[in-house]
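Reader: I am new to reading structures, and I would like to look closely at a single part of this one. Could you take me through one residue in chain B and its surroundings, and then step back to the chain as a whole?

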Amino acid sequence: MTLYKKDLISINDLSRDDIKKIFEVTDLLRENIRKGRNLLKGFVLTNAFFEPSTRTRLSFESAMLRLGGSVISFSSVEAISIAKGESFVDTIRMLDAYSDIIVVRHKYEGAAKLAAEISEAPVINAGDGRNQHPTQTLVDLYTIVKKFGKIDGLNIGLFGDLKYARTANSLLQGLAIFNPSKIFLISPPTLKIRKEIRDLLNLKGIKFEEHDDVSEVISELDVLYVLRIQRERFSDPLEYEKVKGSYRVTLDLLKDVKDDFIIMHPLPRVDEIDYKVDGTKYAYYFKQAKYGIPIRMALLTLILLGEEVL
Amino acid sequence: MTLYKKDLISINDLSRDDIKKIFEVTDLLRENIRKGRNLLKGFVLTNAFFEPSTRTRLSFESAMLRLGGSVISFSSVEAISIAKGESFVDTIRMLDAYSDIIVVRHKYEGAAKLAAEISEAPVINAGDGRNQHPTQTLVDLYTIVKKFGKIDGLNIGLFGDLKYARTANSLLQGLAIFNPSKIFLISPPTLKIRKEIRDLLNLKGIKFEEHDDVSEVISELDVLYVLRIQRERFSDPLEYEKVKGSYRVTLDLLKDVKDDFIIMHPLPRVDEIDYKVDGTKYAYYFKQAKYGIPIRMALLTLILLGEEVL
Amino acid sequence: MTLYKKDLISINDLSRDDIKKIFEVTDLLRENIRKGRNLLKGFVLTNAFFEPSTRTRLSFESAMLRLGGSVISFSSVEAISIAKGESFVDTIRMLDAYSDIIVVRHKYEGAAKLAAEISEAPVINAGDGRNQHPTQTLVDLYTIVKKFGKIDGLNIGLFGDLKYARTANSLLQGLAIFNPSKIFLISPPTLKIRKEIRDLLNLKGIKFEEHDDVSEVISELDVLYVLRIQRERFSDPLEYEKVKGSYRVTLDLLKDVKDDFIIMHPLPRVDEIDYKVDGTKYAYYFKQAKYGIPIRMALLTLILLGEEVL
């Protein structure tokens, strides 16, 4: 199996071997980031962002441009004007006529899948509702592999909003492709993982525990993956304030962690990680962000050219 | 005569031979879309969109980038801030200093012509008020030629708003460069073609008939070109609803059409063509949209490099 | 000393030799603007515009693209959404991960300096509050040098708002690196230069005079640099109207100027220069705008590649 001309809608579209191949190409491109600079010459990528996400948009643009490819984009503001009357289906047909690959961000679950059914050009899901964000998950898994050489056998904690954050949803499905020792799900009671994810973990035989106090388990963890808790998830502002205070990573919390322990975060960070933590050896979130470019470079290369080229 | 370093403001700027040349280069570039990928290296195109049009903007960008050229753009939102105090003339002078070719979209008739008078760099009109949209007309004419091998001798219907739609205006002037057998102008009584277009058709000796019921003439047509009817053209909402219902293409309407008959539409389509029509062999509007890139590639090549290069 | 991998935050970061070197490279690139078209292939520039400035954004984009480099941008609209919760520091860290050089525009003084401290990639200040706009100053100095062959020994007038305009602030510091014969500071009494600039001119031994009537001194000037006066600087609208009328360049004002005299303006111009002046040989502001591209091309080349390459 190969990724050539395939869509990437869910992290579950990928096998363990596919992910290994993407990581190999990522390593190749990182060794010499200028090496790939003519690979995608003449190819055009469309960033179809029906929902704003400057960070994700810029990371796809930077990746495509570093490979010598070109980018056309529209933002959510223009998407509104496109949407005025025109169907999503017609919009995707137009973009298909204009480009070689389409990156879709949309607030509704399933939008990227629908786009992939319409478009001849491959479609990459850059986030659909609270559902999937597979390229973020690839970055997350790659970060863990670069640190520990593996995912199997690790203790991995997810900390914060596990119910609405698509990053958590997508990462848990990604981890289930591997064999972590145990997953620790640490969240306020109202923001626990959804039933379908619980079912998936059980089906795959992944051991997991649910907690609401991170300090009880932090010394067992190899990785703590922090997720923002958004005010709008709470009807009671007081409840939000209380939760917010307890779901923060501070220096104090890090007293008894393992020596190799790392903290990850998909960014942007608001105040769920104290700035003072940035200076510790555990802070891995900026390194993780940096991997966003080579991972996407590898993915674009494999989808548009196949693996023979490299 | 040559297009080298010329402006393209109106479809009437082009002779029959110019159009033939553009179509030849379009065919050449379509045969191998990657062939042209270094042609415009080092050239910069400015998309000066004083009025929003994501579709047209993206098609010029994709065309320029596929030729190895570069694009700088500003959207209508920024145009408002530019306009704050600065004259259109000064803005165009700035863009002239920054780029090799300027694509202008503006809500006022004549804006592109004024820009062309100021700028040393060639200017392409991407739509000025209800006046002209010459690159859309080139796409339209090319679509007809690719289907029928000619424009001369065909029965061509325009259906919908013929008064305010610049696409209709521009296409009728384009058709008048050729010798269609007859043009059928099918519109509500309040949205008939303007006097200057009627005068032009008479002057060029083009036969035309005006109708308000498409079902009376559809079996005679080779091409039906559908145009959106906009609510804001009607003071009485009831009148709009009535008209809207009658100016739709449905499967039912297509029962007695010629075997080679095609339906065209500049897109975006709202509900003037039933989605069920998309699956018929008559639906040519997505193919038409696809021609938007190679036509613009040919035009940019001929204006920036001349014909000797190819 | 060399500019290689250096930040450019203030015009004072540059020595007289640095400026000479930038001008030499500018001349080289102007001789054959297509010569540099592969120089920055594979490099990515980020336009981080936290405050809108279409003109400056487009000039950096055009310069980078003409050198074969790539550009990713975000506008002030998106900056607001980025800013929602995320710190400026985190945003710059992300951009540092995504690009090879960062151009920062911000409404607060010192923002570019802060960005430079955080980012490993070089940072260019494209305007911070009322403080500095060093690339505009380079364009201004280059324009004078191209006309007169020198800056030393000239009589240079600055005319308009000298208190709030960062262009004036930055240019005066730039002139102080050279030895102009005399600087004439012509402004309404309420818009005189700030104390720190007055101190700097005194420190550097630059002779200057303050005036409020341009007609008294215009015949002595080699250069008149015109700056817009903004309505919002006046609490009394009547006061603004009075001042506005007196701080305009008209044909009438130009009767007794030197033969070699030139008028400059950073643009956009509102009505502080009569359009009739555009046709005179003194009008140098559009030529000045044109120099914006090659100056920035030279700067990007020297920062990203060093001087050995050319």
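Author: A helix here is a DSSP run of H or I with at least four residues, and helices are numbered from the N terminus. With that in mind, and remembering that this is a predicted model, we can begin with Ile144(B), which lies in helix H6 of chain B, a helix that covers residues 134–148. Is Ile144(B) buried or exposed? Its relative accessible area is 1%, and because buried means under 20%, Ile144(B) counts as buried.

Its surroundings come next: when the neighbours within four places in sequence are left aside, Ile144(B) is in contact with Gly149(B), Lys150(B), Ile151(B), Leu154(B), Ile156(B), Val223(B) and Met264(B). A separation along the chain can also be set beside a distance in space, for Ile144(B) and Tyr284(B) are 140 residues apart in sequence, while their C-alpha atoms are 9.7 Å apart.

For a contrasting place, turn to Val309(B), in the segment that follows helix H11 (292–305) of chain B. Val309(B) has a relative accessibility of 43% and is therefore partly exposed, and together with Leu28(B) and Leu310(B) it forms a nonpolar patch on the surface, whose accessible area is about 220 Å² in total.

Stepping back, a turn of 120 degrees, with a shift of 0.0 Å along the axis, lays chain B on chain A with an RMSD of 0.0 Å. The two copies are therefore related as by a three-fold rotation axis, and the C-alpha of chain B nearest that axis belongs to Ser70(B), at 5.1 Å from it.

How values were computed:
Residues numbered from 1 in each chain as written. Chains lettered and ligands numbered in written order. Predicted model: local features only at pLDDT ≥ 70, side-chain atom pairs only at ≥ 80, totals over all residues. Heavy atoms only, no water. Helix = DSSP H or I, 4+ residues; strand = E, 2+ residues; numbered from the N terminus. Buried < 20%, exposed > 50% of the residue type's maximum accessible area, 1.4 Å probe, protein only. Contact = heavy atoms within 4.5 Å. Patch = residues over 30% accessible without salt bridge, like charges linked within 9 Å, V, L, I, M, F, W, Y side chains within 5 Å. Areas by Shrake-Rupley, 256 points an atom, 1.4 Å probe, with all protein chains shown as cover. Salt bridge = Lys/Arg side-chain N within 4 Å of Asp/Glu carboxyl O. Least-squares fit on C-alpha atoms with pLDDT ≥ 70 in both.
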